[in-house]
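Colleague: I am new to this structure and would like a close look at one part of it. Please start with a single residue and work outwards from there.

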Amino acid sequence: MIKTLKATAAVSTLALTLAVAASSAMAETPSWCGPNEASLALLDGFGGNSWRLVTTASGAEEAAKCPSITQYEYADGQGDTQKAISDINAMSARGINAMVVFGDSGPAVLPALTNAYRAGTIVVPYRVNVGGEAGVNYTKFIGSSFFDDGANWGNWIKSILPDGGNLLFLSGPAGNSQGVDELAGMKSVLDDSYVFINPEPFAVTNWDPSLTQQVLSAEIAKNDKIDVIVSDFGPSLVGALPVFGEFNRSIPAIATSDGNSLSCFWEENQAANPDFKLFTVATGNDNVRLAVQWAIAEATGGTMPTAEIFSAPVYEDSVSGTPNPVTCRADLPGAIYMSAEMAADAQAAAVGQ
C-alpha cells in the first residue's frame with residue numbers, strides 16, 4: 001500500500017468527489033476521453049505545499065471529466081527520491097493503467113519510469129525534465145514554457161533596471177530542469193551588467209516555503225544590495241520578505257509566479273517599500289491538466305491533444321497594470337492561485353481553508 005500525506009490524500013479524494021459530481025452535468029465528453037475504461041495515478045516527488053495541493057485537485061478535476069476513468073490514485077514522494085521511486089514501482093505493480101508523474105528528482109526517477117513503461121503502463125512525466133526519450137523510456141513528456149517565463153522576467157527586469165543590477169534567483173531542488181530553463185531564458189535577454197549573486201545556477205529551496213524562508217533570510221543578511229528577487233514559487237517568499245525591514249531596507253522588485261498571499265502582501269506593504277515592484281507569470285497549476293489529457297487519451301483510446309507544452313501567460317505587473325494589476329482577494333485564502341482554471345472556492349477547499 002502506498003503511503004501518502006494524509007491531508008493531501010484527503011484533499012485529492014475530496015477534489016475527485018466534487019469534480020465527479022460537477023462533470024456528471026457536462027453535456028459533452030471531451031475528445032481526449034475515449035471509450036475504454038482505465039485507471040489513472042498522479043504521482044508527486046514532493047506534494048507538501050499549497051501549489052501541489054491545488055495542482056493535485058486540478059488533476060483530479062480534469063480526470064473527472066472522463067467517465068472512462070474508473071479509478072484515480074495519488075502518491076506523494078515527500079521530497080524523498082527513494083520514496084518517489086518506490087511509489088512509481090508500486091503503482092506499476094498494482095496494474096494502474098496510466099500515471100502522470102511530477103519527477104522532482106529529475107533523471108534519478110528515469111529508471112523507474114522506464115521499467116513501468118516497458119511493463120505496459122502509460123507513463124506521462126510533466127513539467128520537470130526527467131531525461132530519456134518518448135517511446136523508449138515513457139509515453140510522452142509534457143513540458144512547460146519555462147524558458148519563456150525566464151525571458152518574460154528578464155525583459156521586465158530590463159524595463160525597470162535598464163543599467164543592470166544584482167539579482168537573486170531562487171528555484172526548487174538542485175539541478176531541476178525548470179530552474180535551469182528559466183535561467184537560460186533570463187540570460188537570453190540580460191547581459192553581464194545583471195549579476196546573479198546566488199550560487200550557480202540558483203539558490204536551492206525545494207519549493208518548500210520553510211526552506212525558502214531560511215535561504216532568503218540568509219541571502220538578505222549576506223548581501224547589502226539585492227535589486228531584484230526572482231523566484232519560480234512566489235508565495236513562498238512572503239514569510240521572509242519582512243526581514244528587509246529588520247535591516248532598514250526596502251523590499252526590492254520581485255519577478256515570480258502568482259499567488260494570492262503574495263498579491264495581498266504587496267498590497268499591504270508596497271506603500272512602505274518604495275522599491276517593491278511586482279511582476280508575475282501564471283503559476284502553472286494547469287500544466288497538470290494537459291498531462292492528464294495526454295495520459296487519458298492514451299489509456300482510453302481518445303483523441304490526442306494538439307498541445308505538447310503548457311504555456312504560462314504573464315499575469316500581473318504592478319508597474320504597467322498589464323495584462324492585470326496586482327489584485328489581492330482578501331476574502332479568499334492566501335494559499336490559492338487566481339491564474340488557475342480551478343474555481344477559487346474549490347481551491348480553498350483543496351488547501352483546507
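Modeller: Start with leucine 237, which is placed in the loop between β9 and α8 (243-246); helices (H or I, at least four residues) and strands (E, at least two) are DSSP runs, numbered from the N terminus. The model is a predicted one, in which local features need pLDDT of at least 70 and side-chain atom pairs count only at pLDDT 80 or more, while totals for chains, interfaces and linings use all residues. Residues are numbered from 1 along each chain as its sequence is written, and side-chain values use heavy atoms, with hydrogens and water left out.

Leucine 237 counts as buried because its relative accessibility is 0% (buried is under 20% relative accessible area, exposed over 50%, partly exposed in between, with a 1.4 Å probe and protein chains only). Residues up to four places away in sequence aside, leucine 237 touches Leu170, Thr212, Leu216, Ile229, Ser231 and Ile254; a contact means heavy atoms within 4.5 Å. Between the C-alpha atoms of leucine 237 and serine 250, 13 residues apart along the chain, the separation is 15 Å.

One of those partners, isoleucine 229, belongs to strand β9 (residues 228-231). Isoleucine 229 also counts as buried, because its relative accessibility is 0%. Its contacts, not counting residues up to four places away in sequence, include Leu168, Leu170, Leu216, Leu237, Leu241 and Phe244. Pro252, Ala253, Ile254 and Ala255 are among the contacts of isoleucine 229 as well. Methionine 99 is 130 residues from isoleucine 229 along the chain, and their C-alpha atoms are separated by 35 Å.

After α8, the loop that leads to β10 (253-257) holds asparagine 248. Asparagine 248 is not a glycine, yet its phi is positive, about 55 degrees. It counts as exposed because its relative accessibility is 74%. Tryptophan 207, in the loop between β8 and α7 (209-222), likewise has a positive phi of about 55 degrees although it is not a glycine. Tryptophan 207, however, is buried, because its relative accessibility is 6%.

The loop between β7 (194-196) and β8 (203-204) contains proline 201. The peptide bond from glutamate 200 to proline 201 is cis, with omega near -10 degrees. Another cis peptide bond runs from threonine 322 to proline 323, with omega near 0 degrees. Proline 323 sits in the loop between β13 (314-317) and α11 (344-350).

Elsewhere in the chain, threonine 55 is part of helix α2. It counts as buried because its relative accessibility is 2%. Apart from neighbours within four places in sequence, threonine 55 is in contact with Tyr126, Asn285 and Val288. Val288 falls within helix α10 (residues 287-300), of whose 14 residues 13 are buried. Glycine 301 follows α10 and has a positive phi, near 80 degrees.

As for how far to trust the model, its mean pLDDT is 91, and 92% of the residues reach 70 or more; pLDDT is the predictor's confidence in each residue, from 0 to 100. Over residues 1-27 the pLDDT is below 50, and this stretch has 38 contacts in the model beyond near neighbours in sequence. Where pLDDT is low, the predicted coordinates should not be read in detail.

Notes: The expected span of a helix is 1.5 Å times one less than its number of residues.
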